[in-house]
Amino acid sequence: MKIAIASGKGGTGKTLLATNLASYWSERQSVVLTDIDVEEPNDALFLQLPKIAQEERFKFIPSWDSTRCTLCGQCQEVCNYHAIIQLGTEIMVFDELCHSCYACSELCPAKALPMVPHKIGELTHYHHANLSFVESRLEIGEEQAVPLIAQTHRYVDDHFSKDHVQLFDCPPGTSCPVIEATKHADFVILITEPTPFGEHDVKLAMQTMHQMNKPFGLVINRADVGNSDLLAYCKANTIPVLATIPFDRHIAEAYAQGLLVYEQVPAVKPALDQIIDFLQAFAINQK
Amino acid sequence: MKEIVIISGKGGTGKTSITASFAMLAGAEAVVADCDVDAADMHLLMQPNSVKEESFYSGQLAVIDQDKCIQCGQCAQVCRFDAISVHDDCHVVNPVSCDGCGYCPRVCPADAIKMEERKAGSWYISETKANNRMVHAALDIGAENSGKLVAKVKNEAKALAKQQNVRYILVDGSPGIGCPVQSSLSGANFVVLVTESTLSGLHDLQRVYALVKKFRIKAGCIINKADLNEMVHEQILSFLAMENIHHIADIPFDRTFTDALVAGKTVVELESSLVAQQVKRAWEIIKDLNQSV
């Protein structure tokens, strides 16, 4: 079962939930956690596991072969991203603008634009006991997170069976990286806090999940701060609330040091148990 | 005119609350740009009255005309985004996956595919309670956050600032290090990095600053939740010293941010609070630093 952890607003506890849930759940069964918040991946700070594999990841971009080029100009005409332009007798490719659609390369009548690999990031695979952890990290200066997220999903599919509990720590927001990160999920956990910002952003995230037809539920973090009537809202709209996590300075302090919170603040364990129970019941229902 | 961009790498460090506070303090001296267009929140604190609203179009979407389609499947073969599949014997485009590259219409032998402009969101110019103008936007659900809407918001803010002859453009940047942040940073005079005393905060600060360095922009840093962990706080300070980033202020772990938020206020409006004093001092320091930039 694939479970995505997303949020709308940043800083509401995605990483906290993903790392603690993965580690705690792996005390009972095999779990793989994947950090696909590729712009700012943080899960590795909390899970000190032995590394078993590391590989560079690439996207493919056209590379100009001046000896074959007839300067017909078709490449710049077909590129919808303005990633390739003709300047006099030169063809210039702007790597960071290219979306790897292959149109210029495959439509070039002179075959003067072969596609070549361009590094976009690194994928690292860690493993210990029942817990596997995969992290992808975008190169600094790269603009597009989506291709790396898509490749990471493929890596997980190639290395783990569907029977595995698969958790995904997703990017914040509601735009294309989140869509890419959550589109294969069987269930999406949205974690938020009951403040006006948290409520505003999680409602956007809920609309996104509705549009994608994804089953989802909420985890409310720092549940006793703020004023929002999120619980009432969820009840009125029959949205499951999987668990609430209290506002507690000890949680923030443990998190600050890179520690797993449930090991330091045992009060967090019942919340994790509730989430696991809910997801296991959901999985049985699906079958 | 100085363009000051506030970014954080990590979400939830208080970036938007701090930017909104600076907007309150700057008043009519500033034009505000909310470039965190994916889940924009600043309007919740600034009570904007919109004086202008426009739709924003960005990118394209392939649309197959079923009357013309001969179901040959060449479109699906060339699509690198797996956006074309067969449903009820018809080739259809999945709008979520279509990247708008425009390859498929070029190979369609029946001329059955058209590229249509895609609405990505809306942008606004508003009057705020701080007696200044704010340019903000709302990205449509699931739209591509390509940085183009961010660039639009910034350019409109710049035009307004020029026209009104104000001293500052205050930009609330996006999280992360990808395309929207890079759009937020381009052309800025000064960057305020907002971080927190957590290992994640430090890690994300280091990554986002590596990006700032590529843009060669001078930076200062505000450490929020500064007292959460002394060791991490020290690590942040030595990183700032090593990179020659001005340490602007420390703000304690405190519920004032949440209390202000709940009241629909910026923290500087809770005048008696310690946090309000610190944010005010931070703004004075940033103004000083910008005289010498």
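**Figure 1. R249(A) and E253(A) pair up in a salt bridge.** In this predicted model, the closest N and O atoms of the two side chains sit 2.8 Å apart. Both residues belong to helix α8 of chain A, which covers residues 249-256. They are four residues apart there, so about one helical turn separates them. Neither end of the pair is hidden away: E253(A) is partly exposed at 24% relative accessibility, and R249(A) is also partly exposed, at 29%.

**Figure 2. R249(A) also reaches a partner in chain B, namely D227(B).** Here the N to O distance of the salt bridge is 3.6 Å. Across the interface of chain B and chain A there are four salt bridges by the rule used. Zooming out a little, the contact draws on 60 residues of chain B and 57 residues of chain A. Between them the two chains bury about 4,900 Å², with 57% of that on carbon and sulfur atoms.

**Figure 3. K129(B) and E269(B) tie distant parts of chain B together.** Their salt bridge has an N to O distance of 3.1 Å. The two residues are 140 residues apart, and each one sits in a loop. For K129(B) that is the loop between β6 (113-127) and β7 (133-139), while E269(B) lies in the one between α9 (256-262) and α10 (274-292). K129(B) is partly exposed at 28% relative accessibility, and E269(B) is partly exposed at 27%. For the chain-wide picture, 76% of the contacts in chain B with a separation of 6 or more come from residues 24 or more positions apart.

**Figure 4. R133(B) meets E127(B) in a salt bridge.** The N to O distance is 3.3 Å. R133(B) has a relative accessible area of 24%, which makes it partly exposed. E127(B) is partly exposed too, at 38%. As a backdrop, buried residues make up 59% of the 293 residues in chain B. The chain carries 29 positive and 35 negative side chains, and the centres of these two sets lie 7 Å apart.

**Figure 5. Four side chains of chain A join in a salt-bridge network.** The members are E56(A), K119(A), E122(A) and E139(A). Side chains of opposite charge can pair when their charged atoms come close. Counting over all chains, the structure holds 31 salt bridges.

Note on methods: Residues are numbered from 1 along each chain as its sequence is written. Chains are lettered from A and ligands numbered from 1 in the order in which they are written. This is a predicted model: local features need pLDDT of at least 70, side-chain atom pairs count only at pLDDT 80 or more; totals for chains, interfaces and linings use all residues. Side-chain values use heavy atoms; hydrogens and water are left out. Buried means under 20% relative accessible area, exposed over 50%, partly exposed in between (1.4 Å probe, protein chains only). Contact means heavy atoms within 4.5 Å. Lys and Arg count as positive and Asp and Glu as negative; His and the chain ends are not counted. The place of a charge is taken as NZ of Lys, CZ of Arg, CG of Asp or CD of Glu. Buried area is the accessible area (1.4 Å probe) that two parts lose on being put together, summed over both.
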